Amino acid sequence: MPEELRESETVLTERLNVSRPTLEDVARRAGVSKSTVSRAINGEPRVRAAVAERIREAVDELGYVPNQAARSLVTRSLVTRRNNAVAVVVTEPQNRLFADPYFDCHLRGIRQELVRQGAQPVLLFIEEPDDYPRVVNFLGGGHVDGALLFSLRTDPLPALVEHMGLPAIFGGRPAVGSGHRGHGYTYVDADNRGGAREAVRHLVSLGRRHIGTITGPLNQASAIDRLDGYRDVLLDTPPRLIAEGDFTLRGGATAMSELLDRCPDLDAVFVASDLMASGALRVLRERGRRVPEEVAVVGFDDLAPIAEATEPPLTTVHQDIEDMGRLMARLLFKQTPNELASRDGSHPPSSVVTPTRLVVRKSA
């Protein structure tokens, strides 16, 4: 984890521990006993409506999160009241979010399911370390019923969200080293490693002998998994055949240039995203390398606006990105009040890993 993120996590965790409102604070603000606050939060009918409303106002003003209630989407304030709003947290620059069709597909699936559930998405960006306090304060302030978080790298956010008790679903498995203890959260991901294996096996079956790869950023779990899938097939890959990209078109072009400079005899490349593969194809064309005759190319994502528009059309690994977004939102609303009444919140819905498949076009 970068030093500035590690320091950010420490500061934010200390802030949450010091300033998080307590049941006593709510009781003091509302002018009632702790037991009355507890009964109101648990929805007991013995609390008069006027008193319950006064307690609700105190909860909202203080941003108090009841530990048990915060593990569900039943209520963030009191009884059965909901904000009907869900935070969608993205650790990407805004300009990339709206330029990359991957995010467009993902957000479209999320929005479709949230609309079906009667909830409004609230989009939050984390572009630099200074954004963490602002986002964490908002998430802990009682404004939303839960959070959907994706495009995380090695990041303090999973641990911070768990600490505050906010219901959350992650898009993709948080990277090892993110500070998370490995339980208490749920994610939706694709079979990144299996998809990468299938892609590389396809290149091997074509008789290619010098197969390189362009990875995503290796502080992100999906990129690590796709590199592991490549290595599963090519066990003794020399480092010169591996170039790190950043899931952008420019990053794919830069990494492709590096591979060609290092390995003039390169005859195939597995690229960890379609957008990077598009950049790689551009460089191959500029270098006069014919695809697939001299260099076969396989991408990952199967984004139609890219894969079907490249020249030649891109062979790639398909993942259902839009449906993964829908699944994230659906899992957030999965538990019903009756289910939650019989649980202590320590067993969240199971994570989902969706299948992938190779789509063969003309690039390989």
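These questions and answers walk through a predicted model of a protein.

User: Before we start, what kind of model is this, and from which number are residues counted along each chain?
Analyst: Welcome! The model is predicted, so local features need pLDDT of at least 70 and side-chain atom pairs count only at pLDDT 80 or more, while totals for chains, interfaces and linings use all residues. Side-chain values use heavy atoms, leaving out hydrogens and water, and residues along each chain, as its sequence is written, are numbered from 1.

User: How many helices and strands does the protein have?
Analyst: Helices (H or I, at least four residues) and strands (E, at least two) are DSSP runs numbered from the N terminus. Counted that way, the secondary structure comes to 15 helices and 12 strands.

User: What percentage of the residues count as buried?
Analyst: Buried means under 20% relative accessible area, with exposed over 50% and partly exposed in between (1.4 Å probe, protein chains only). Of the 364 residues of the protein, the buried share is 55%.

User: Is Arg108 buried, exposed or partly exposed?
Analyst: Arg108 belongs to helix H6 (residues 101–116). Its C-alpha is 9.4 Å from that of Ile321, although the two are 213 residues apart in sequence. Because its relative accessibility is 34%, Arg108 counts as partly exposed.

User: Which residues of helix H8 are buried?
Analyst: H8 covers residues 157–164, and 6 of its 8 residues are buried, so the helix is largely enclosed by the rest of the structure. Just after H8 comes Gly165, with a positive phi of about 80°. The buried residues of H8 are Leu157, Pro158, Ala159, Leu160, Val161 and Met164.

User: Why do Tyr102 and Phe103 count as an edge-to-face pair, and which residue joins them in a cluster?
Analyst: Rings of Phe, Tyr and Trp (its six-membered ring) pair if their centres lie within 6.5 Å; planes under 30 degrees apart are stacked, over 60 edge-to-face and the rest tilted. The structure holds 3 aromatic pairs. The centres of the Tyr102 and Phe103 rings are 5.4 Å apart and their planes are at 90°, so this pair is edge-to-face. Both residues are buried, and ring pairs link them into a cluster with Phe150.

User: How are H11 and H12 oriented to each other?
Analyst: Axes are lines fitted to C-alpha atoms, for helices over the stretch in contact (heavy atoms within 4.5 Å), and angles run from 0 to 180 degrees between N-to-C directions. The axes of H11 (residues 249–262) and H12 (residues 274–286) come within 7 Å and cross at roughly 50°. Angles under 35 degrees count as roughly parallel, over 145 as roughly antiparallel, 65 to 115 as roughly perpendicular and the rest as oblique. H11 and H12 are therefore oblique.

User: Which residues of H2 make the contact with H4?
Analyst: The axes of H2 (residues 23–30) and H4 (residues 49–62) come within 9 Å and cross at roughly 125°, which makes H2 oblique to H4. On the H4 side, the contact includes Arg54, Ile55 and Ala58. From H2 it is made by Asp25, Val26, Arg29 and Ala30.

User: Where is Pro292 found, and what is the peptide bond before it, cis or trans?
Analyst: Pro292 sits in the loop between H12 and strand E9 (296–301). With omega near 5°, the peptide bond from Val291 to Pro292 is cis.

User: What is phi of Asp301?
Analyst: Asp301 has its place in strand E9. At 5% relative accessibility, it counts as buried. Its phi is positive, in a residue other than glycine, and near 135°.
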